[in-house]
Amino acid sequence: MNFQNISDDDGKILVKMARTVVTKYLTNNTKILNHDFKEKFSFNAGVFVTINDKSGLRGCIGFPLATKKLSDALTDAAISASTDDPRFPSIRQNELNDLVFEVTVLSDTEEISASLPNEIIQEIKIGRDGLIIEKDFQSGLLLPQVPVECNWNVEDFLNHTCHKAGLANDSWKDKTTKISKFQGIIFREILPNGEIIREKFQ
């Protein structure tokens with residue numbers, strides 16, 4: 001299996017495992033070890049786990065590059081999203097029934113070689129692409145679903161990814177800035193502990 005042929009059933013397994021991993025970790029501070037899961041998702045892939053409550057984002061951590069087995073990356077990302085996102089306090093066990101879990105499996109990244117602003121904009125499609133912007137040892141990443149949820153156009157998306165990197169919003173126009181794009185397969189619960197769907201933005 002690889003990124004291209006992850007099925008809807010696979011997505012359900014991934015989201016359920018993210019919830020199970022967090023529940024077990026918050027309950028008794030241990031990592032779940034599931035042999036069948038590790039065997040099924042033993043290929044390398046980038047992945048992000050996003051956790052939302054009724055007011056919005058509650059935690060989001062992941063691995064943009066395919067440096068780990070998906071099974072291990074998902075486990076580590078889920079625990080980190082629930083306990084180590086510096087923007088939020090750690091999730092408490094009594095919150096779990098009010099939280100929605102989302103898993104985004106990432107493709108390999110592709111550097112955008114265009115250098116003129118209008119050409120860069122043409123290379124990016126809202127709803128399909130996520131972005132990574134890197135300059136002067138600073139980097140920022142936004143997932144493909146973010147500009148859709150925020151109703152941004154491509155220029156807004158580039159500006160906000162620069163801001164996420166701690167750069168000036170228009171740094172993407174600088175020829176020394178590295179811009180990469182990637183795609184994501186997104187699965188999420190409709191309601192806490194509810195039905196799991198594949199998001200389709202295009």
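**Figure 1. Strand 5 and its partners in the predicted model.** Glu-134 has Ser-139 of strand 6 opposite to it in this predicted model. One place earlier in the numbering, Ile-133 faces Gly-140, also a residue of strand 6. These pairs belong to an antiparallel arrangement in which strand 5 (residues 129-135) and strand 6 (residues 138-142) are joined over 5 bridges. The two strands make a hairpin with 2 residues between them, and Asp-136 in the turn adopts a positive phi of about 50°. Strand 5 also pairs with strand 7, again in the antiparallel sense, over 6 bridges. On that side, Ile-179 of strand 7 is the bridge partner of Ile-133. Ile-133 therefore has a partner in strand 6, Gly-140, and another in strand 7, Ile-179. Strand 5 is mostly covered, with 6 of its 7 residues buried.**Figure 2. The largest nonpolar core.** This core holds 32 residues, and those that touch the most other members are Leu-14, Val-49, Leu-70, Leu-74, Phe-101, Val-103 and Val-105. At least two residues of the core come from each of helix 1 (8-28), strand 1 (46-53), helix 3 (70-83), strand 3 (100-106) and strand 7 (178-189). Helix 3 provides the largest share, 7 residues. A second core, separate from this one, has 24 residues, including Leu-131, Leu-142, Leu-143 and Leu-158. In soluble globular proteins, nonpolar side chains tend to be buried together.

**Figure 3. Surroundings of Leu-14 and Val-49.** Leu-14 is located in helix 1. With a relative accessible area of 0%, Leu-14 counts as buried because the limit for that class is under 20%. Beyond residues up to four places away in sequence, Leu-14 touches Phe-37, Phe-41, Leu-70, Leu-74, Val-103 and Val-105. Thr-75 lies 61 residues from Leu-14 along the chain, and their C-alpha atoms are separated by 9.6 Å. For Val-49, with neighbours within four places in sequence left aside, the contacts are Ala-18, Gly-59, Cys-60, Ile-61, Leu-74, Ala-77, Ala-78, Ala-81, Glu-102 and Val-103. Leu-74 and Val-103 appear among the contacts of Leu-14 and also among those of Val-49.

**Figure 4. The largest pocket.** The volume of this pocket is about 420 Å³. Its lining consists of 20 residues, of which Leu-57, Cys-60, Arg-87, Leu-143 and Val-146 are the closest to the pocket centre. Strand 1, strand 2 (56-63), strand 6 and helix 5 (145-150) each contribute at least two lining residues. By class, the lining of the pocket comprises 11 nonpolar, 4 polar and 5 charged residues. Cys-60, which is in the group closest to the pocket centre, is also one of the contacts of Val-49. Leu-143, likewise in that group, is a member of the second nonpolar core.

**Figure 5. The largest cavity.** The model contains 1 cavity of 30 Å³ or more, and the largest cavity has a volume of about 40 Å³. The residues around it are Arg-58, Gly-59, Ala-81, Ser-82, Thr-83, Asp-84, Asp-85, Phe-88, Pro-89, Ser-90 and Ile-91. Strand 2 and helix 3 each give at least two residues to the cavity lining, and helix 3 gives the most, 3 residues. The lining of the largest cavity divides into 4 nonpolar, 4 polar and 3 charged residues. Gly-59 and Ala-81 belong to this lining and are also among the contacts of Val-49.

**Figure 6. Asn-29 and Asn-193, two loop residues with positive phi.** Asn-29 is not a glycine, yet its phi is positive, at about 60°. Asn-29 sits in the loop that runs between helix 1 and helix 2 (35-40). Its relative accessibility is 55%, so Asn-29 counts as exposed, the cut-off being over 50%. Asn-193 also has a positive phi, near 65°, and is likewise a residue other than glycine. The loop between strand 7 and strand 8 (196-198) contains Asn-193. Most residues other than glycine have a negative phi.

**Figure 7. Asp-9 in helix 1.** Asp-9 is part of helix 1. A relative accessible area of 51% places Asp-9 in the exposed class, because that class begins over 50%. Leu-96 is 87 residues from Asp-9 in sequence, and the C-alpha atoms of the two residues are 23 Å apart in space. Helix 1 thus carries both exposed Asp-9 and buried Leu-14.

Key:
Residues numbered from 1 in each chain as written. Predicted model: local features only at pLDDT ≥ 70, side-chain atom pairs only at ≥ 80, totals over all residues. Heavy atoms only, no water. Pairing = 2+ DSSP bridges. Helix = DSSP H or I, 4+ residues; strand = E, 2+ residues; numbered from the N terminus. Core = buried A, V, L, I, M, F, W, Y, C linked by side-chain atoms within 4.5 Å. Buried < 20%, exposed > 50% of the residue type's maximum accessible area, 1.4 Å probe, protein only. Contact = heavy atoms within 4.5 Å. 1 Å grid on protein atoms, 1.4 Å probe; cavity = no way out; pocket = protein on both sides within 12 Å on 5 of 7 lines; lining within 4 Å. Points joined across faces, edges and corners; volume = space filled by probe spheres on them. Nonpolar A, V, L, I, M, F, W, Y, C, P; charged D, E, K, R; others polar.
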